[in-house]
Amino acid sequence: MTDSASHILQMQTSTNHWLQPEKQATQPAEAEELRQVLRFHEHRYYVLNEPLVADAEYDQLYKKLEAAEKLHPDWVTPASPTQRVGSGLNASFATVTHLVPMLSLENSYDAEDLNDWDRKARELTGLSEIEYCIEPKFDGASISVIYEHGLLTRSATRGDGVQGDDITTNSKQIRNIPLSAGFQNFGIDTIEIRGEVLMSKQSFAAYNAGLTEEGLPPLANPRNAAAGSLRLKDPSEVQKRKLEAFLYHVSYTTSTASGAGIPGTHSGMLQMLWDCGFRSPVQEMKVVKGIAAVAEHCAWFESQRDALPYEIDGLVIKVNDLALQEKMGMTTHHPRWAIAYKFKARQATTVLRDVEFQVGRTGAVTPVAKLQPVPIGGVTVSSISIHNEEYIREKQLMIGDTVLIERAGDVIPQIVKSQPELRNGTERAILFPTTCPVCEAGLYKEEGEAVWRCINVECPAQAVERIIHFVSKDAMDIRSFGEQQVRRFYEMGLLNDIPGLYQLDFEKIGTLEGFGKKSISNLEASLLQSKQQPLHRIIYGLGIRHVGETMAKTLARAVTHVFDFKNKTVEELMQLEDIGPKVANSIVNFFANEKNIEMLQQLESLGLNLQQAEQSIAAGGSFSGKTFLFTGTLTRMKRQAAEAKVEEQGGQILGGVSSKLNYLVVGEDAGSKLEKAKKIASIVILSEEEFLKLLTHD
């Protein structure tokens, strides 16, 4: 969208014409002229950041169009600025499939990583030097948008990379996502574009200031604020957050017979998006030849990141020639023609003011450092877990210390070190408690462990954490009932233990703010549905120490009823796959506790399923007798779904790498399991794509 001097003059003349108090749109052509004026000013304000009219004047123009369209509904067009605002609340978000999967990027952290990637790129292309396009790696929420015949028809979140949530209505509240764009000028009929939705530092600060004034808790950081905003049910609330969108990659197009044609470079594509009215990173991008120039630009840009009006956590380097991109292709995890250069972790110094001790669901007592609040990478950090007594000793931490902290991977804050040379004598030693900070029962530390635990099963802190774990997605999956609600109900005395979930006083809950008939109906339905969850989910939901999801499935297959574990010995349990003495002892101790048995009896009397269902898999399934393990992040399906497919075919999921494992399926960012499996010749290592082929093979 080019703003030439003559075009600006023409639009400003039209603006002044329409700002006359008596001027109203009385013909369809006049309404269209008014729409063009509004689109022009939206682009100046939201894309170029160079407004030519005051907000009040824009509102005056908008109201005139709104009034005309209200009188003449047949004049309304899908691309009218009035069609951004949704007409009501969205009850839910439908799941939609991306036209092209949204893969992740391979990461690099220094010039050596870049050189290695460049070497592979040159080998694949046969070139001695490659032209690269460098652009910011925006720290927001990924989306894809689809335009058909120039009109915005769908927007979706990244989701799992293959499917995402349909957020079309909410995306229309983002003013620099055009409702219509001139792709026909380039011979494009349908186009899918990737981008990032974010909240600028200024908008984030202003929004949080407003929340604070209203007595509400501020949002954590701009990235979470943007991601959460996209899934708000009220589009008008989305609009209040002043989100912005950068569109930076064309993933799919279909062509028409006419038009100028599609650019042959990535930088050309970014310019095309800009010319069509999008906020693409043409002002931030840089095209260079050779990896040395890339490394030099990365180092310079990192030094400038704080001057940007929005948060970024690195740069993205892409082969600029689209034909070369096609030639290089991609793996199942990432394109070979692009890489992310991650900036160094954010660091800052602050003062360790105090230490609080928190109790988790397994009784683990965790010290939490309370810091003098300090901003790091868009997040104000005031609390950091300092793990255990040994960690405190290792870092030589004292209350009152000046400490260096960082956000590892720009996400999880941690203490790097204390600075004892800055002590002035007022610092105090951190004394680890000998009794539980909640129930005052004595603490116990198992031999070989660093963690002190409260072993009082009636400890209130553990009760809350156990309920939170029980209702979680991977356990009983009681939707509409998250951590916040559990804590609220517990503090109000409406919920005291796990069986209490199925005895809630819904009449009393109905009097609470935020719980209308619909909310209560959803919660009742979720609780009822959870009663039919399979036994392995119950076992995992109990929160038995050392028992994860895979282990819970192994245990469920070994019994017909959960109470069968009362009679199992450590030796018998150790005969099961992947169960060693530590896990076996934990299970025996859990079922030897009468209070745990009473709780399970209560749950059964309330209608929960504590029996193992008959195996629905025929003995001759294609994976019968085969063992599988998944590591890393899958991009084509969720891990739970993949494991379920294996079990449907008679296969078994193991909890770790051993000589008993037949197949290790490797996803993105695989770690130590892959390295361990490489040392065992009998294990077949599969990519996700190879696993899917194996799954569908007759």
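In what order do the 4 strands of the open sheet stand, and in which sense do they pair? In this predicted model, the strands follow one another in the order β5-β4-β7-β8, and their pairing is antiparallel. The strands at the edges are β5 and β8, the latter covering residues 244–255, and each of them has a single partner strand, so one side of each is left without a neighbour in the sheet. If direction is ignored, neighbouring strands of this sheet are turned against each other by 25 degrees on average.

The pairings that build up this order can be set side by side, each with its number of bridges and one pair of bridge partners.

| Strand pair | Bridges | One pair of bridge partners |
|---|---|---|
| β4 and β5 | 6 bridges | Y147 and L152 |
| β4 and β7 | 8 bridges | I146 and E192 |
| β7 and β8 | 10 bridges | G195 and L247 |

Strand β4, which runs through residues 141–148, is mostly covered, since 6 of its 8 residues are buried. On one hand β4 pairs with β7, residues 188–198, in the antiparallel sense, and on the other hand β4 is joined to β5, residues 151–157, again with the two strands running antiparallel. The strands β4 and β5 form a hairpin with 2 residues between them, and in this hairpin H149 takes a positive phi near 55 degrees. When reading any of these strands in the structure, it helps to remember that in a regular strand the side chains alternate between the two faces of the sheet.

Two helices can be described together with the sheet. Helix α7, made of residues 222–230, packs on the sheet and touches β4 and β7, while its direction makes about 45 degrees with that of β4. Helix α9, made of residues 266–275, lies across β7 and β8 and runs at about 110 degrees to β8.

A residue in another helix completes this report. Is S526, which has a relative accessible area of 10%, buried or exposed? S526 belongs to helix α16, which covers residues 517–530. Because buried means under 20% relative accessible area, the value of 10% places S526 among the buried residues. If residues up to four places away in sequence are not counted, S526 touches I478, R479 and S480.

Key: Residues are numbered from 1 along each chain as its sequence is written. This is a predicted model: local features need pLDDT of at least 70, side-chain atom pairs count only at pLDDT 80 or more; totals for chains, interfaces and linings use all residues. Side-chain values use heavy atoms; hydrogens and water are left out. Buried means under 20% relative accessible area, exposed over 50%, partly exposed in between (1.4 Å probe, protein chains only). Two strands pair if DSSP finds at least two bridges between them. Contact means heavy atoms within 4.5 Å. Axes are lines fitted to C-alpha atoms, for helices over the stretch in contact, and angles run from 0 to 180 degrees between N-to-C directions.
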